[in-house]
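I opened this entry to keep track of what I looked up, starting with the aromatic rings and working outward from there.

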Amino acid sequence: GPLKPEITITYIAVSAIFFNSGLSLKTEELTSALMHVKLHLFVQIFTLVFFPTAIWLFLQLLSITPINEWLLKGLQTVGCMPPPVSSAVILTKAVGGNEAAAIFNSAFGSFLGIVITPLLLLLFLGSSSSVPFTSIFSQLFMTVVVPLIIGQIVRRYIKDWLERKKPPFGTISSCVLLMIIYTTFCDTFANPNIDLDKFSLIIIVLIIFSVQMSFMFLTFLFSTRNNSSFTPADTVAIVFCSTHKSLTLGIPMLKIVFAGYEHLSLISVPLLIYHPAQILLGSLLVPTIKSWMVSRQKAQKLTRQPKAPVKV
């Protein structure tokens with residue numbers, strides 16, 4: 001079409017989002033968050049190891065159902081995706097959680113995803129001799145890593161101006177992301193060969209919400225154990241970063257890894273559903289999680305206060 005998504009989306013739009021992220025990410029906050037190794041390990045292992053493995057086991061049970069097999073494969077691709085740069089950070093900030101940790105893990109997860117996600121996709125969905133590894137990594141490097149680094153470099157020179165003007169980075173990324181979602185939906189549902197039955201679609205939507213709720217609850221339980229050493233603010237970042245998946249990186253990656261694949265449209269559908277679902281669910285839970293964090297922080301402050309001496 002006139003939007004030329006094969007150029008504007010694949011290269012320009014994705015590069016713009018990560019350049020925008022590079023400009024908006026505060027280098028000093030990322031540096032201070034770097035030392036919280038235990039939190040980073042938890043998020044990345046849960047996101048890139050436990051999540052895709054758990055989905056794969058779950059799909060073994062679903063494979064005997066009449067749900068469309070390509071939508072089920074699409075669920076597996078969701079599990080293989082890295083955390084997003086934007087939504088997890090925005091929701092963590094809205095709650096008042098550890099924003100620096102969320103920023104670091106989102107950015108670091110995107111870097112890891114460039115290498116790990118294509119490997120996971122090929123591992124769980126079957127490898128193909130026609131998959132061009134060199135072109136996958138080179139294209140992702142040029143559209144994700146390079147713009148992010150350039151954004152950080154540019155930020156160093158215009159930092160004062162950015163602090164004064166406070167450009168609407170979130171709005172810019174959201175507009176570009178909306179364009180990516182729109183063109184992907186067009187690609188998906190304009191395909192005359194797409195065989196999408198309503199039953200399978202409704203079940204997939206219910207599964208996606210169930211998976212998100214279950215994994216958010218699971219990460220909450222693990223991060224609030226007595227011996228976890230995570231603060232309430234850390235828990236907020238963990239819950240969002242571990243369960244959110246990147247559409248920005250995911251859709252271009254699927255288009256690269258499965259270029260020319262007959263069922264690419266159907267495989268993309270669960271990821272297209274997962275992204276708005278995670279934002280909607282996260283937004284609804286913000287007040288509840290915020291009240292929990294505040295009450296927990298107050299309780300911790302009270303327990304740390306020295307007890308008054310007892311008068312005899």
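**Aromatic pairs.** I am working from a predicted model. I searched it for aromatic pairs and got eight. I looked at the pair of Phe42 and Phe230, which is edge-to-face, with 6.0 Å from centre to centre and 75° between the planes. Phe42 belongs to helix α3 (residues 37-62) and Phe230 to the loop between α9 (198-223) and α10 (232-243), so this pair ties together parts that lie 188 residues apart in sequence. I checked the burial of these two residues, and both Phe42 and Phe230 are buried.

I then took the pair of Phe104 and Phe108. The ring centres are 5.5 Å apart and the planes are at 20°, so I logged this pair as stacked; the cut-off for stacking is under 30 degrees. Both residues lie in helix α6 (residues 99-125), four residues apart, which is about one turn of the helix. I noted the general rule beside this: an α-helix has 3.6 residues a turn, so residues three or four places apart point the same way.

Are Phe104 and Phe108 buried or partly exposed? Phe104 has a relative accessible area of 13%, and because the limit for buried is under 20%, Phe104 counts as buried. Phe108 comes out at 33% and is partly exposed.

**Cluster and charges.** I asked which residues join Phe42 and Phe230 in an aromatic cluster. The cluster is made of Phe42, Phe46, Phe50, Phe51, Phe215 and Phe230. I also looked for charges over these rings. The charged end of Lys38 sits over the ring of Phe230, at 5.5 Å from the ring centre. Phe51 has the charged end of Lys245 over its ring, 4.3 Å from the centre.

**Overall fold.** I counted 12 helices and zero strands in the protein chain. The chain has 312 residues, and 49% of them count as buried.

**Annotated spans.** I pulled the UniProt record, an unreviewed entry, for its "transmembrane region" annotation. The record gives residues 6-25, 37-58, 103-124, 136-157, 169-190, 202-223, 235-258 and 264-286. I compared two of these spans with the model. Residues 37-58 are 100% helix and 0% strand, with 30 Å between the end C-alpha atoms. Residues 235-258 are 83% helix and 0% strand, and their end C-alpha atoms lie 36 Å apart.

**Nonpolar cores.** Which residues have the most contacts inside the largest nonpolar core? They are Leu121 and Ile204, in a core of 47 residues. I listed the helices that each supply at least two residues of this core: α1 (5-24), α3, α4 (69-80), α6, α7 (133-165), α9, α11 (247-257) and α12 (264-304). The most comes from α12, with nine residues. Apart from this core I found another, of 23 residues, among them Phe42, Val95, Ala237 and Phe240.

**Helix α10.** I checked the length of α10, which has 12 residues and reaches 17 Å from its first C-alpha to its last, close to the 16 Å expected at 1.5 Å a residue. How many residues of α10 are buried? The count is 12 of the 12, so α10 is largely enclosed by the rest of the structure. Among these buried residues I noted Pro232, Asp234, Ala237, Phe240, Cys241 and Thr243.

**Helix α9.** I ran the same check on α9, which has 26 residues and reaches 38 Å from its first C-alpha to its last, close to the 38 Å expected at 1.5 Å a residue. The buried residues of α9 include Ile204, Gln212, Phe215 and Ser223.

**Cysteines.** I searched the whole structure for disulfides and found zero. I looked up two cysteines for burial. Cys80 is buried, with a relative accessible area of 0%. Cys241 is at 1% and counts as buried.

**Ser24.** I located Ser24 in helix α1. At 30% relative accessibility, Ser24 counts as partly exposed. I noted the distance from Ser24 to Arg155 as well: 131 residues apart in sequence, and 7.7 Å apart in space from C-alpha to C-alpha.

Technical notes:
Residues are numbered from 1 along each chain as its sequence is written. This is a predicted model: local features need pLDDT of at least 70, side-chain atom pairs count only at pLDDT 80 or more; totals for chains, interfaces and linings use all residues. Side-chain values use heavy atoms; hydrogens and water are left out. Rings of Phe, Tyr and Trp (its six-membered ring) pair if their centres lie within 6.5 Å; planes under 30 degrees apart count as stacked, over 60 as edge-to-face and the rest as tilted. Buried means under 20% relative accessible area, exposed over 50%, partly exposed in between (1.4 Å probe, protein chains only). A charge sits over a ring if NZ of Lys or CZ of Arg is within 6 Å of the ring centre and within 35 degrees of the ring normal. UniProt positions are given in the numbering used here, feature names are shortened, and annotations may be inferred rather than shown by experiment. A nonpolar core is a set of buried Ala, Val, Leu, Ile, Met, Phe, Trp, Tyr and Cys residues joined through side-chain atoms within 4.5 Å. The expected span of a helix is 1.5 Å times one less than its number of residues. A disulfide is a pair of cysteine sulfur atoms within 2.5 Å.
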